[in-house]
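Trainee: I'd like to learn how to read helix packing and strand pairing in a model. Can we go through one together?
Mentor: Sure, let's bring it up.

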Amino acid sequence: MRSTDTARQRFLRTLAPVFVCLLTASILLALDTPKPPDVEPPAARAEPPAVLVFSRTTGFRHGSIPAGIKSLTELGREHGFRVEATEDPRFFEPTRLGKTDCVVFLNTTGDVLDDEQQRHFENFIRGGGGYVGVHSAADTEYDWPWYGRLVGAWFKTHPAIQPARINVEDRTFPATRMLPATWDRTDEWYVYRKNPRPNVRVLMSLDETSYQGGGMDGDHPISWYHDYDGGRAFYTGGGHTDASYAEPLFREHLAGAIKWAAGMTPHPPRKPAVPTDAVPGDATPDKGATR
Ligand SMILES: [Zn+2]
């Protein structure tokens with residue numbers, strides 16, 4: 001017991017919390033005054049596109065998955081998209097998918113999503129989301145027909161890893177515009193159950209005379225894209241080996257695909273709102289004309 005306290009000291013102690021409150025309030029007011037309005041303008045909220053890299057496997061597991069994740073993360077930093085990698089299928093729910101622009105199935109295999117997660121992913125694509133399938137993304141979800149149409153073709157078999165020649169059929173697309181017309185590289189070249197060409201836009205095909213075990217009667221698409229069910233879908237058959245993810249051109253191929261699927265690079269490029277060579281009134285129906 002502090003018997004030496006004077007009435008004045010006791011009085012000040014009683015008031016101390018009040019002073020603290022007043023001080024705090026004035027600091028908060030001072031801080032509050034120059035604060036921007038509660039609703040930020042859209043430009044201030046703009047964040048880089050969000051890319052989910054999903055690499056869950058329930059079948060064969062590729063040893064190159066860590067190299068793939070590392071490569072895509074680095075590409076995100078270089079190209080301005082945010083990468084989050086997960087093998088947790090619970091990510092496939094509306095709130096998290098709602099904050100995602102593109103989902104990469106990186107060497108997934110087998111049955112990776114349950115029925116409800118599949119439905120959420122379908123809604124994500126229908127809402128304008130992007131999908132990029134890499135290599136064994138085509139060895140995934142055989143019992144989900146919607147996914148089969150999204151990826152474009154399912155895996156059938158493959159010969160040994162070997163060099164092959166790729167014909168780059170379309171060099172205007174964001175994932176192929178940096179590639180040579182014929183691209184020689186080594187990978188594990190998948191044979192697909194059906195030729196996807198009738199249903200997709202083929203970007204690259206394998207020259208089956210350039211390697212052993214082609215298996216698709218001479219027309220062998222190996223990368224393609226399409227608009228699908230409201231969203232965008234891209235697939236590339238490369239990416240089995242660790243070395244793929246260190247190849248500068250294969251990395252740029254992946255980055256271009258993700259940027260297109262995430263909506264960063266439209267294809268075909270959007271026309272300007274007003275063509276620079278437009279004659280004023282060009283597009284206006286000439287209702288008053290009497291000719
Ligand atoms: Zn493989």
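Trainee: Which residues of α3 meet which residues of α7?
Mentor: Two residues count as in contact if their C-beta atoms, placed from the backbone, lie within 7 Å. Here Ser71, Leu72, Leu75 and His79 in α3 meet Arg251, Leu254, Ala255 and Lys259 in α7. By class that contact has four nonpolar, two polar and two charged residues; Ala, Val, Leu, Ile, Met, Phe, Trp, Tyr, Cys and Pro count as nonpolar, Asp, Glu, Lys and Arg as charged, and the others, Gly among them, as polar. Keep in mind that this is a predicted model, where local features need pLDDT of at least 70, side-chain atom pairs count only at pLDDT 80 or more, and totals for chains, interfaces and linings use all residues. Numbering starts from 1 along each chain as its sequence is written.

Trainee: And at what angle do the axes of α3 and α7 cross?
Mentor: Axes are lines fitted to C-alpha atoms, for helices over the stretch in contact, and angles run from 0 to 180 degrees between N-to-C directions. These two axes cross at roughly 65° and come within 10 Å. The crossing is right-handed, meaning the near helix is turned clockwise from the far one by less than a right angle (anticlockwise would be left-handed).

Trainee: Now the sheet: what is the order of its strands?
Mentor: Elements are DSSP runs numbered from the N terminus: helices are H or I with at least four residues, strands E with at least two. Two strands pair if DSSP finds at least two bridges between them. In this model nine strands make an open sheet, β2-β1-β3-β4-β11-β10-β9-β6-β7, with mixed pairing. Its edge strands, β2 (82–86) and β7 (182–187), each pair on one side only. From one strand to the next, the twist averages 20°.

Trainee: Where do the helices sit on it?
Mentor: Helix α3 (residues 65–79) packs on the sheet, touching β1, β2, β3 and β4, and its direction makes about 160° with that of β2. Helix α7 (residues 248–261) lies across β1, β3, β4 and β11, at about 165° to β11.

Trainee: How many bridges join β10 to β11?
Mentor: Six, and the two strands run antiparallel. Tryptophan 224 stands opposite tyrosine 235 in β11. The pair forms a hairpin with two residues between the strands, and aspartate 229 in the turn has a positive phi of about 50°. At the β7 edge, β6 and β7 are antiparallel over six bridges, with isoleucine 166 partnered by tryptophan 183 in β7.
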